[in-house]
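Trainee: Could you take me through one part of this model slowly? I would like to see how a sheet and the helices beside it fit together.

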Amino acid sequence: MPTLGLFETHPTTGKLPKQPRGITAQLQAQGLATVEGLRTRTAVLAFAQAVMRVEAHRDSDSDGLTTIQDIGRRSLQPGFGGLGNGELLPHTERSSEPCPPRLMLLVCQRPAARGGEVLLSDGQAVHDYLADHFPAALEAFALPNTAFYGDGGGHPSQVFTQHPGRRAAIRLRQDSLAAFSPLVSGYLPQLREAIGAVQQRLMLEAGQGYLIDNSRWLHARTAFGGDRICLRALGSPRFPMLPGFPRTALRPEAAAPTADGSAAP
Ligand SMILES: [Fe+2]
């Protein structure tokens with residue numbers, strides 16, 4: 001019984017690696033596509049390589065995919081929560097890096113015995129919710145260098161980065177490796193309200209997964225029990241994507257910070 005509910009689901013069985021045309025359009029427009037039929041590691045890798053240039057990362061295996069499963073006590077270290085079985089708060093992937101991967105694919109290979117739901121929030125909807133309900137919070141979260149993600153070698157940033165062409169990108173983590181300036185920390189409850197208000201739930205079955213624009217969608221996970229196994233790929237798209245997502249104008253363009261966080265003249 002399919003449980004994917006976001007947008008059109010793309011069955012992939014037998015059609016790789018040629019078919020991701022619809023997925024390309026969906027990612028460009030919505031920043032998200034759901035897929036199913038990827039029941040083996042070989043199929044996941046072939047699909048990932050069809051849509052992105054897969055980038056190896058700290059936790060990835062030799063083929064570039066990362067096996068996401070509970071590794072026990074080592075997952076208790078800061079920055080390793082994804083490899084445990086606990087709840088993961090909404091975040092973007094690799095927020096501590098200067099240039100996080102643009103795309104993230106996560107495909108379930110074995111569902112959890114209980115829990116392990118995927119929670120997705122569209123950063124554009126979060127942005128719009130804040131604009132409607134808490135405009136001061138939205139202004140604050142766009143102030144340059146008001147967040148620091150990572151350890152000593154991490155990256156100063158802000159929750160919303162404004163780009164030319166009335167676009168914005170989101171970057172967030174909420175674990176012990178996130179620190180926020182007093183200019184924005186008082187607004188975190190409003191940010192969390194916005195993320196929760198627009199959040200959508202997915203219960204992935206074997207072979208089902210999602211592909212997201214990591215500069216637009218926040219992902220999270222509920223705690224789980226059992227031997228849940230997912231495969232993840234990170235990388236850059238094999239098709240053009242404008243930076244971030246179209247944003248609601250909150251301030252005159254001339255006053256908006258530039259993409260690198262500096263104030264425009
Ligand atoms: Fe993650």
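Mentor: Happily; we will start with the sheet and then move on to the helices. Keep in mind that this is a predicted model. Look for four strands that form an open sheet, in the order β5-β16-β8-β14, with antiparallel pairing. At the edges stand β5 (88-91) and β14 (200-202); each has a single partner strand, so one side of each is left without a neighbour in the sheet. On average, neighbouring strands here are turned by 20° against each other, direction ignored.

Now zoom in on the edge strand β5. Its link to β16 (residues 217-221) consists of two bridges, and the two strands run antiparallel. You can find one partnership by eye: His-91 has His-219 in β16 as its bridge partner.

Next, bring in a helix. Helix α3 (residues 123-133) lies across β8 (118-122) and β16, and runs at about 55° to β8. Helix α3 also packs with helix α6 (residues 188-197), at an angle of about 125° and with the axes 9 Å apart. That angle makes α3 oblique to α6, because it is neither over 145 degrees, as roughly antiparallel would need, nor within the 65 to 115 that counts as roughly perpendicular. The crossing of these two helices, α3 and α6, is right-handed.

Finally, see which side chains to pick out where the helices meet. From α3 come Val-126, Tyr-129 and Leu-130, and they meet Gln-190, Ala-194, Ile-195 and Ala-197 of α6. Sorted by class, this contact of α3 with α6 has six nonpolar residues, one polar and no charged ones.

Conventions. Residues numbered from 1 in each chain as written. Predicted model: local features only at pLDDT ≥ 70, side-chain atom pairs only at ≥ 80, totals over all residues. Pairing = 2+ DSSP bridges. Axes fitted to C-alpha atoms, helices over the stretch in contact; angles between N-to-C directions. Contact = placed C-beta atoms within 7 Å. Parallel < 35°, antiparallel > 145°, perpendicular 65-115°, else oblique. Left-handed = near helix turned anticlockwise from the far one by under 90°. Nonpolar A, V, L, I, M, F, W, Y, C, P; charged D, E, K, R; others polar.
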